Number of protein chains: 2
Amino acid sequence: MKSREKSRTFIAKDESEGRIRARNERLILDASVRLFSAKGYDGTTISQIAETAGLPKANVYYYFSTKAAIYERLISEVLQDWDSALRLLDPELDPREALFNYVAGKLEFSRRHGEKSRFFAGELLRGATFLSPRQKRHVQAVTREACEVVQRWVDEGKCNRVDPRYLLIMLWSTTQYFADFAPMAATTLEVPKLRKSDFDEAARQIIAMLGLWPAR
Amino acid sequence: MKSREKSRTFIAKDESEGRIRARNERLILDASVRLFSAKGYDGTTISQIAETAGLPKANVYYYFSTKAAIYERLISEVLQDWDSALRLLDPELDPREALFNYVAGKLEFSRRHGEKSRFFAGELLRGATFLSPRQKRHVQAVTREACEVVQRWVDEGKCNRVDPRYLLIMLWSTTQYFADFAPMAATTLEVPKLRKSDFDEAARQIIAMLGLWPAR
DNA sequence: TGAGAACCTGACTATTTCGTCAGATTTCTG
DNA sequence: CAGAAATCTGACGAAATAGTCAGGTTCTCA
């Protein structure tokens, strides 16, 4: 099958040892995120996950003791994506440019990883009870940081007066909408299916519609 | 089975005859929307619906032959709400005022009927496969109508140039966010739980952030 | 190369779920 | 009030599900 070097791999996580483990866990997680996003947590069975991943069910149980364990791993992965996206908000740039980059980046990520985006949205919808206090604090800290970036733009007069928190919510919600509710967005735009160009246009339109840019 | 012709009550729906039927169907539908919104379609069992509604399971089956039947009834109810909300967009008003009313109204509805809003969002998330072609056309027609209202404002110079479709998407997504992802919004706003005043403030902020208002 | 660790799996159990049904009870109507 | 229609319900069977386990196979490294 595969003859890799027998080198010691002390890379990072506790499970980084064991190529087979890494490969199979990935298979399981990928299958799971697809199923969870399509049918929800309760609507997904371990048998389906096993079948989608191409493994026997008992083998899935070998790697994850329970469905909840799979789910928790996915949450923490998605949370990482979410916050590295927020770090795209570059304080050095002109706000209009920085916000455009952020929106475009977020849209592009959502377009390419629709299942992840929908998975996260689905679980937020269920009440976000899954976030550990630690994760909640983390989200809060990252959010606050982003707010400060915007606030600085306002203070420096580079940007009209605005409550950064509402601005962020507006950007999150709109970008999410295109990914998560794509069928509805497509209906509204009267196209059969959203394409990359629709996402790009969305980024431009969103930025254009915001009344944040001081007259020059 | 089709021999229910004696009653004199031609009120509206096909089921308007039979007070008991009406009452029990309502009990079942109310229980269902709450459960569906909290646990998803697949995650909800008929037994839970029965228990929540306070009826024996077999009695639920007496009124609805299957879970899908309950679900379809809910969809059409929610769709009605959705489009009567869109009719709140009053073409006679000044755009700023009209849009504020629309946003505030939608937020208020979502706040009061969170389960319905989340139920709809949840099913959109699953791909909107549930909408019949007829319903889809209906949504499209109502949307187009709303777009025309906005377009007229633009043409009359009451409103800056904007693509009405993206404006609508932006408004829908943002208002939905507050209702459907309330825990996340609360975290962002750093309040323990969203209150009415937060929703009101959201409406003001959303309108204020839009750069649609021509200088006077 | 061989012993132990890691990995794999078919078969099994206990539980839950959907949906049905026969017959009991209540409500309606003439 | 009598009979018909509507409503109610406990109990049941077939199917699906989460999770376990004993024992087999493959890999790793000294």
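**Exercise 1. The two domains of chain A**

Work out how many residues of domain 1 of chain A are in contact with how many residues of domain 2 of chain A.

*Solution.* Seven residues of domain 1 of chain A are in contact with six residues of domain 2 of chain A, where two residues are in contact if their C-beta atoms, placed from the backbone, lie within 7 Å. On the domain 1 side, the residues that touch domain 2 divide into three nonpolar, three polar and one charged; here Ala, Val, Leu, Ile, Met, Phe, Trp, Tyr, Cys and Pro count as nonpolar, Asp, Glu, Lys and Arg as charged, and the others, including Gly, as polar. As to the bounds, domain 1 of chain A covers 19-65 and domain 2 covers 74-209, and such bounds come from an automatic or database domain assignment. The C-alpha centres of these two domains of chain A lie 28 Å apart.

Before going on, keep in mind that this is a predicted model, in which local features need pLDDT of at least 70 and side-chain atom pairs count only at pLDDT 80 or more, while totals for chains, interfaces and linings use all residues. Residues are numbered from 1 along each chain as its sequence is written, and chains are lettered from A and ligands numbered from 1 in the order in which they are written.

**Exercise 2. Chain A as a whole**

Describe the secondary structure of chain A, and state what share of its residues is buried.

*Solution.* Begin with the elements: chain A has 10 helices and zero strands, where helices (H or I, at least four residues) and strands (E, at least two) are DSSP runs, numbered from the N terminus. Next consider the extent of the C-alpha trace of chain A, which spans about 65 × 45 × 35 Å along its principal axes. Then turn to burial: of the 216 residues in chain A, 33% are buried, a residue being buried if 20 or more other C-beta atoms lie within 10 Å of its own, exposed if 12 or fewer, and partly exposed in between, with C-beta atoms placed from the backbone. Finally, among contacts in chain A between residues at least 6 apart in sequence, 60% join residues at least 24 apart.

**Exercise 3. Two copies and their contact**

Which turn lays chain A on chain B, and how many residues does each chain bring to the contact?

*Solution.* A turn of 180° with a shift of 0.0 Å along the axis lays chain A on chain B with an RMSD of 0.0 Å, the copies being superposed by least squares on the C-alpha atoms of residues with pLDDT of at least 70 in both. That is the relation of a two-fold axis. In chain A, the C-alpha nearest this axis belongs to A:Gly211, at 1.6 Å from it.

The contact takes 46 residues from chain A and 46 residues from chain B. Among the helices of chain A that each supply at least two residues to the side touching chain B are α1 (19-39), α6 (114-125) and α7 (133-155), while α8(A) gives the most, with 12 residues. By class, that side of chain A divides into 25 nonpolar, 13 polar and eight charged residues. Of the interface residues of chain A, 100% are also interface residues in chain B, so the copies meet through the same surface.

**Exercise 4. The surface near DNA strand C**

Name the residues that come nearest to DNA strand C.

*Solution.* There are 20 residues around DNA strand C, of which A:Gly18, A:Arg21, A:Ala58, B:Thr45 and B:Tyr61 come nearest; a residue is near a molecule or strand if its C-beta atom, placed from the backbone, lies within 6 Å of it. Helices α1 and α3 (57-63) of chain A, together with α2 (46-53) and α3 (57-63) of chain B, each supply at least two residues of this surface. Its classes are eight nonpolar, eight polar and four charged residues.

**Exercise 5. Two residues side by side**

Decide for A:Tyr102 and for A:Leu189 whether the residue is buried or partly exposed.

*Solution.* A:Tyr102 sits in helix α5 (residues 95-112) of chain A, and A:Tyr102 is buried because 23 other C-beta atoms lie within 10 Å. Leaving aside neighbours within four places in sequence, A:Tyr102 is in contact with A:Leu88 and A:Leu89. A:Leu189, in helix α9 of chain A, has 19 C-beta neighbours inside 10 Å and therefore counts as partly exposed. With the same neighbours within four places in sequence left aside, A:Leu189 is in contact with A:Asp198 and B:Arg165.
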